[in-house]
Amino acid sequence: MRNGKPRKCTCGWKQTRRIYRRGVALSCSEAPRLETGQTFGDLINANDDVGLLARVVWAESDNGASNGFQTQAYFDEKAAVAVSIVNRVDILNYKILISNGHGGYINPGTLGWGPVNGTLSQVLSQPGQYASVSNGDITQAFRNSMNKVLNEDATSRDCIALINSWQAAYYAEEHILKDPFGDQGVTTSFHHGMTTGSLEPYFGTFKSPNNFFGIAASQVVYNPSGTPPPSPPRRPIRPPRPPRRPVGRGVPQ
């Protein structure tokens with residue numbers, strides 16, 4: 001790790017000009033993770049939170065097309081995509097509270113990001129939130145593109161971009177990946193436009209089509225225990241006012 005961001009080669013993948021096993025160049029899918037012996041194909045296709053998040057990070061980020069391959073902007077964008085999604089999960093699970101400015105906190109279930117105590121899968125499956133996701137995973141078009149990358153050489157640029165996406169997802173899930181916009185608040189959204197609401201001001205971009213938005217630092221309260229905040233006290237119910245006496249010269253007989 002460097003400044004909270006994955007380096008060019010981490011997580012145990014040996015990156016040389018080519019990776020060989022018994023004299024045969026390995027594909028991206030066959031690349032081994034040295035610590036565990038797992039293949040990259042097993043990890044990126046895993047039916048777990050890291051695998052799912054990694055696929056979405058790869059599908060939603062620029063992968064160097066606009067911001068340069070393995071530049072700082074390239075790594076920062078992947079980090080921001082991964083962290084923004086994990087932050088939504090943490091908000092729904094009360095690990096990050098959003099102040100409403102009146103001594104209480106916003107009900108996370110009203111944000112449109114998923115149900116209270118929602119899972120990563122539920123966050124990613126919310127309608128209209130992530131263009132790359134359908135039925136709880138990346139769309140078939142993205143899946144087909146990813147499968148082509150997995151058949152490429154293990155040290156191809158496309159393969160390394162996919163590996164870097166898995167690394168960003170892994171570190172984000174472990175909560176050891178720094179939010180690139182952490183000095184402004186908590187990143188929670190990204191899209192290609194500039195439309196936003198008062199809750200999520202514009203944070204910035206990394207020379208790619210993605211613009212990032214989030215919750216301002218002044219509204220953020222970290223709550224690692226995940227204990228729901230107490231409900232604000234209700235105002236006491238006022239007793240009904242006595243009926244007014246009729247105005248006039250007298251009461252009708």
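Biologist: In what order do the three strands of the open sheet stand?

Modeller: In this predicted model, three strands build an open sheet. Their pairing is antiparallel. The order is β6-β8-β7.

Biologist: Which strands stand at the edges, each with a single partner strand?

Modeller: An edge strand here has one partner, so one of its sides is left without a neighbour in the sheet. That holds for residues 185-191 and for residues 202-205. The edge strands are β6 and β7.

Biologist: What is the average twist from one strand to the next?

Modeller: The sheet is β6-β8-β7. From one strand to the next, the twist averages 35°.

Biologist: Which helix packs on the sheet?

Modeller: The helix touches β6 and β8. Its direction makes about 110° with that of β6. It covers residues 72-92 and is α3.

Biologist: How many bridges pair β6 and β8?

Modeller: β6 and β8 run in the antiparallel sense. One pair of bridge partners is F190 and F212, the latter in β8. The number of bridges between β6 and β8 is six.

Biologist: Which residue of β8 is the bridge partner of Y202?

Modeller: β7 and β8 are antiparallel and joined by three bridges. β8 covers residues 211-216. Within β8, the partner of Y202 is F213.

Biologist: Which residue in the turn of the β7 and β8 hairpin has a positive phi?

Modeller: The hairpin has five residues between its two strands. One residue in that turn has a phi of about 60°. That residue is K207.

Biologist: Is N211 buried or exposed?

Modeller: N211 belongs to strand β8. It touches residues including S189, F190, Y202 and T205. Buried means under 20% relative accessible area. N211 has 9%, so it is buried.

Biologist: How many of the six residues of β8 are buried?

Modeller: β8 is largely enclosed by the rest of the structure. β6 is largely enclosed too, because six of its seven residues are buried. For β8, the count of buried residues is five.

Biologist: Which element gives the largest share of the largest nonpolar core?

Modeller: This core has 55 residues. Among those with the most contacts inside it are F40, I85 and L177. The largest share is 11 residues, and it comes from α3.

Biologist: How much space lies in the largest cavity?

Modeller: The count of cavities of 30 Å³ or more comes to one. The space in the largest cavity is about 50 Å³.

Biologist: Which strand gives the largest share of the lining of the largest cavity?

Modeller: The lining includes I91, Y94, Y105, P108 and P229. I96, L97 and I98 line this cavity as well. The largest share is three residues, from residues 96-98. The strand is β3.

Definitions and conventions
Residues are numbered from 1 along each chain as its sequence is written. This is a predicted model: local features need pLDDT of at least 70, side-chain atom pairs count only at pLDDT 80 or more; totals for chains, interfaces and linings use all residues. Side-chain values use heavy atoms; hydrogens and water are left out. Two strands pair if DSSP finds at least two bridges between them. Helices (H or I, at least four residues) and strands (E, at least two) are DSSP runs, numbered from the N terminus. Axes are lines fitted to C-alpha atoms, for helices over the stretch in contact, and angles run from 0 to 180 degrees between N-to-C directions. Contact means heavy atoms within 4.5 Å. Buried means under 20% relative accessible area, exposed over 50%, partly exposed in between (1.4 Å probe, protein chains only). A nonpolar core is a set of buried Ala, Val, Leu, Ile, Met, Phe, Trp, Tyr and Cys residues joined through side-chain atoms within 4.5 Å. On a 1 Å grid over the protein atoms alone, a cavity is a set of points where a 1.4 Å probe fits but cannot get out, and a pocket is an open set with protein on both sides within 12 Å along at least five of seven lines; lining residues have an atom within 4 Å of a point. Grid points are joined across faces, edges and corners, and a volume is the space filled by probe spheres set on the points. Lists of a residue's contacts leave out its neighbours within four places in sequence.
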